[in-house]
Every structure is written in C-alpha cells, then in structure tokens.
Amino acid sequence: MVRLRCLCIFLFTRLGSSLNAEFVTFSILFGNSQAERIQDRRDRQGFVHFLVCSRCILFLPSSLCSCAACVETCTCCVQVYRFAHHCLFLGRGYNYPVALEGALKMKEISYIHAEGYPAAEMKHGPIALIDHLMPVIFVAMKDSIYDKVKSNIQEVRARKGTVIAITDEGNDELDGLCEYVIHIPKVCEEVSPILTVVPLQLLSYHIAIMRGCDVDMPRNLAKSVTTE
C-alpha cells in the first residue's frame, strides 16, 4: 500500500481537499493494479483495506453533507471561546496537517493566536501554556493511534485545560473528558483528513463572525497570486 502521510501535508484550502482525495484515489488504483501479485495473507488484508478506502471515497459527498450537522455544536463552542486570546490544535498521523490547517484558519480570519502541533510533541513546549483560558482542539478519530490521542487529552484535562474534540459518530468515550465533542461520519484513516478539516474551518468561521471580522477580506492577508 502506498502510504500518503507525507502528501497529506498539503493545506486543505480551496482545492486542497480535492488534491487529498485524488492522492488517495491514485493510491487505491495503484494498489488495485498490483492485485494479481498478491501472494500472502498480509497482502490480501492490505487489498481489503484498499476496498474499504475506495468505498469511503465513493461516499465522500454524503459524508461531507453529514458534517453539516456539526454546525450547532460549533456554534455552541464559539459562544464560549470567541474571546479567547490563544488556542492550540493537536493531531497525530494523517490528522496532524489538519491541526496545522485549523490553526492557520483561526489566525487568518479570526485574528486569534493559534498553534498547530503534533499531539505526540505536546510535552515539548505547548503543555506549559495550557490553562482554563486556552482551548485545546484535538482531532481524535478512532483509528490506529486513537488511544495515544486520548492519553494526550487526559494530560490536558489533568492540567485544567479545556478541550474540544473531533471524533467519529458513535464514539462516546470522550464525552466525559471534553467540554465539547464534535462528531463526524466514520471513514478510514487515510480519508479522514478530508472530513476532520470541516468542523475546524467552521469553528474559525463562526468565531470570526461573532467577533465581527470580515471573513471575505481578512486584514493584512496577501496571497501570492496578487503580490510578488
């Protein structure tokens, strides 16, 4: 299987999500072309995983529409945290670039200082900043590294930090740990960044609106297509 972890570093703005979907689709097609070379059980299990990923890609439009259901939870969050001066976005694996994108959007349109970090490196600096006034947003999908992310959430809570978590539908394990839990449709690990970025962008958007920011014309924002 062609792992696309490094390719997911593309920021998910505008065409970014489409690019991510294309890379995953390419990986699926490449794996399918190698199907006749499958020899052992491990290879067969990998091919089955490819089929699961392809199904997730086919149902992406409906999954993205289902993400719209999280708007109500996002609105509740922003009413509480719109006056925050700093926030921290944490993710692991495929969802680390999503944490970077969430922090970027929070800075770009809401004018709130935000940092994106790998959750595994939380103890190398960011943990010293955590208090009850600094919201920490976790991307905590129930995947192969879920238990490690959950452990990071517990560390933040032990330091009286406030936590907003993005996780799968049906996962209620975080309800008692986090102030707010935003549920999105469950998909395979490789496809999850396309969905997990949606609630983070909605959070930034609604916070910007409530703070009276112009989301269409962010201040001091210069794009490479308009300036040299």
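Helices (DSSP runs of H or I, at least four residues) and strands (runs of E, at least two) are numbered here from the N terminus. With that in hand, colour the whole protein by secondary structure: you should find seven helices and five strands. Along the sequence they follow the pattern α-α-α-α-β-α-β-β-α-β-β-α.

A word on what you're looking at: this is a predicted model, in which local features need pLDDT of at least 70 and side-chain atom pairs count only at pLDDT 80 or more, while totals for chains, interfaces and linings use all residues. Residues are numbered from 1 along each chain as its sequence is written, and side-chain values use heavy atoms, with hydrogens and water left out.

**Stop 1: the whole protein**

Switch on the surface. The protein exposes about 12,200 Å² (Shrake-Rupley method, 1.4 Å probe; for residues, only the protein chains shown count as cover). Carbon and sulfur atoms supply 56% of that area. Of the 228 residues, 46% are buried. On this tour, buried means under 20% relative accessible area, exposed means over 50%, and partly exposed is in between (1.4 Å probe, protein chains only).

Now think about contacts, meaning heavy atoms within 4.5 Å. Among contacts between residues at least 6 apart in sequence, 72% join residues at least 24 apart.

**Stop 2: helix 4**

Select residues 71-81, which make up helix 4. Show the side chains of C74, C77, V78 and Y81, the buried residues of this helix. They cover an arc of only 95° around the axis (taken from the directions from the helix axis to the C-beta atoms), so they sit on the same side of helix 4. Here's the background: an α-helix has 3.6 residues a turn, so residues three or four places apart point the same way.

What do those buried residues pack against? Add strand 3 (135-139), strand 4 (162-168), strand 5 and helix 7 (192-210) to your view, and you have the answer.

**Stop 3: a pair of rings**

Stay with Y81 and bring in Y180. Rings of Phe, Tyr and Trp (its six-membered ring) pair if their centres lie within 6.5 Å; planes under 30 degrees apart count as stacked, over 60 as edge-to-face and the rest as tilted. That rule gives one aromatic pair. The ring centres of Y81 and Y180 are 6.2 Å apart and the planes are at 80°, so this pair is edge-to-face. Y81 belongs to helix 4 and Y180 to strand 5 (residues 180-184), so the pair ties together parts that are 99 residues apart in sequence. Y81 is buried at 10% relative accessibility, whereas Y180 is partly exposed at 22%.

**Stop 4: two cysteines**

Next, select C87 and C178. C87 is buried, with a relative accessible area of 3%, and C178 is buried too, at 8%. How many disulfides are there, counting pairs of cysteine sulfur atoms within 2.5 Å? The count is zero.

**Stop 5: S110 and Y111**

Move on to S110, in helix 5. S110 is buried, with a relative accessible area of 0%. Beyond its neighbours within four places in sequence, S110 is in contact with K105, S204, I207, A208, R211 and C213. Try a distance from S110 to H206 as well: they are 96 residues apart in sequence, but 8.7 Å apart in space, C-alpha to C-alpha.

Then click on Y111, in the loop between helix 5 (96-110) and strand 2 (113-118). Y111 is partly exposed, at 23% relative accessible area. Its phi is near 60°, a positive value in a residue other than glycine. For context, most residues other than glycine have a negative phi.

Which residue lies over the face of Y111? Show R219, at 4.0 Å from the ring centre. A charge sits over a ring if NZ of Lys or CZ of Arg is within 6 Å of the ring centre and within 35 degrees of the ring normal.

**Stop 6: out to the loops**

Select K160, in the loop between helix 6 (146-158) and strand 4. Is K160 buried or exposed? It counts as exposed, at 65% relative accessibility. K160 has a positive phi of about 65° although it is not a glycine. Leaving aside neighbours within four places in sequence, K160 is in contact with D131 and H132.

Finish at E121, in the loop between strand 2 and strand 3. E121 is partly exposed, with a relative accessible area of 41%. Its C-alpha is 9.8 Å from that of N152, which is 31 residues away in sequence.

How values were computed. A disulfide is a pair of cysteine sulfur atoms within 2.5 Å.
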